[in-house]
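Subject: The structure we talked about

Hi,

Here is the structure I promised to pass on. Have a look at it first, and then read my notes below.

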Amino acid sequence: MALEMRDRCERCETATLTTDGPARICSYECTFCVPCAEQMNGTCPNCGGELVARPTRRAAN
């Protein structure tokens with residue numbers, strides 16, 4: 001099962017997240033931009049889980 005690579009921050013909804021750029025996710029795949037994740041002290045507001053660096057995916061050639 002692959003990660004759903006969401007393209008918008010769930011908090012600010014303005015940050016565009018690319019598949020090969022930085023983002024933070026919890027174990028439920030809630031997705032946030034790095035500045036929002038830092039403002040939330042690395043804790044997901046939806047489930048209370050830890051926000052960690054989302055793996056990057058190279059763009060298809």
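Pro55 is in contact with Leu3, Met5, Thr19 and Ile25, if you leave aside its neighbours within four places in sequence. Before going further, please keep in mind that this is a predicted model. Pro55 sits in the segment after E3, and it counts as partly exposed, at 47% relative accessibility. You can also look at Pro55 together with Arg24: they are 31 residues apart along the chain, and their C-alpha atoms are separated by 8.9 Å.

Arg54 is found in the segment after E3 as well. Is Arg54 buried or exposed? Arg54 is buried, with a relative accessible area of 5%. Its list of contacts, not counting residues up to four places away in sequence, takes in Met5, Arg6, Leu17, Thr18, Thr19, Gly21, Ala23, Arg24, Ile25 and Thr31. A polar atom of the Arg54 side chain lies 2.9 Å from the backbone oxygen of Thr18. Arg54 and Leu3 are 51 residues apart along the chain, with 9.2 Å between their C-alpha atoms.

Now for the strands. There are three of them in an open sheet, in the order E2-E1-E3, and the pairing is antiparallel. Strand E2 (31-32) and strand E3 (52-53) each have a single partner strand, so they stand at the edges and one side of each is left without a neighbour in the sheet. Strands of a sheet pair through backbone hydrogen bonds, either parallel or antiparallel. Here, E1 (residues 24-25) pairs with E2 in the antiparallel sense over two bridges. If you want a spot to zoom in on, Ile25 stands opposite Thr31 in E2.

Thr31 deserves a paragraph to itself. This residue lies in strand E2 and is buried, with a relative accessible area of 0%. Which residues does Thr31 contact once its neighbours within four places in sequence are left aside? They are Arg6, Arg8, Cys9, Glu10, Leu17, Ala23, Arg24, Ile25 and Arg54. The side chain of Thr31 also reaches the backbone oxygen of Glu29, at 2.9 Å.

On to the core. The largest nonpolar core has 13 residues, and Cys9, Phe32, Cys33, Cys44 and Leu51 are those with the most contacts inside it. Taking one of these, Cys33 touches Cys9, Cys12, Ala15 and Leu17, not counting residues up to four places away in sequence.

With those cysteines in view, you may ask how many disulfides a search of the whole structure finds. The search finds zero. A disulfide is a covalent bond between the sulfur atoms of two cysteines. For Cys12, the closest cysteine sulfur is in Cys9, and at 3.7 Å the two sulfurs are too far apart for a bond. The cut-off used here is 2.5 Å between the sulfur atoms. Cys12 counts as partly exposed, at 29% relative accessibility. Cys44 is in no disulfide either, with the nearest cysteine sulfur, that of Cys30, 3.8 Å away. Cys44 itself counts as buried, at 3% relative accessibility.

Last, the charged side chains. Side chains of opposite charge can pair when their charged atoms come close. The count comes to two salt bridges. In one, the side chains of Glu4 and Arg6 meet, at 3.3 Å from N to O. In the other, Arg6 is paired with Glu10, and the closest N and O atoms are 2.8 Å apart. Through shared partners, these salt bridges join Glu4, Arg6 and Glu10 into one network. As for how open these residues are, Glu4 is partly exposed, with a relative accessible area of 47%. Arg6 is partly exposed at 24%, and Glu10 is partly exposed at 30%.

If you only have a few minutes, I would start with Thr31 and Arg54, which are in contact with each other. After that, follow Arg6, which touches Arg54 and has salt bridges to Glu4 and Glu10.

Cheers

How values were computed
Residues are numbered from 1 along each chain as its sequence is written. This is a predicted model: local features need pLDDT of at least 70, side-chain atom pairs count only at pLDDT 80 or more; totals for chains, interfaces and linings use all residues. Side-chain values use heavy atoms; hydrogens and water are left out. Two strands pair if DSSP finds at least two bridges between them. Helices (H or I, at least four residues) and strands (E, at least two) are DSSP runs, numbered from the N terminus. A nonpolar core is a set of buried Ala, Val, Leu, Ile, Met, Phe, Trp, Tyr and Cys residues joined through side-chain atoms within 4.5 Å. Buried means under 20% relative accessible area, exposed over 50%, partly exposed in between (1.4 Å probe, protein chains only). Contact means heavy atoms within 4.5 Å. A salt bridge is a side-chain nitrogen of Lys or Arg within 4 Å of a carboxyl oxygen of Asp or Glu. A polar contact is a pair of N or O atoms within 3.5 Å; within protein, one must be able to donate a hydrogen and the other to accept it, and residues adjacent in sequence count only if both atoms are side-chain atoms.
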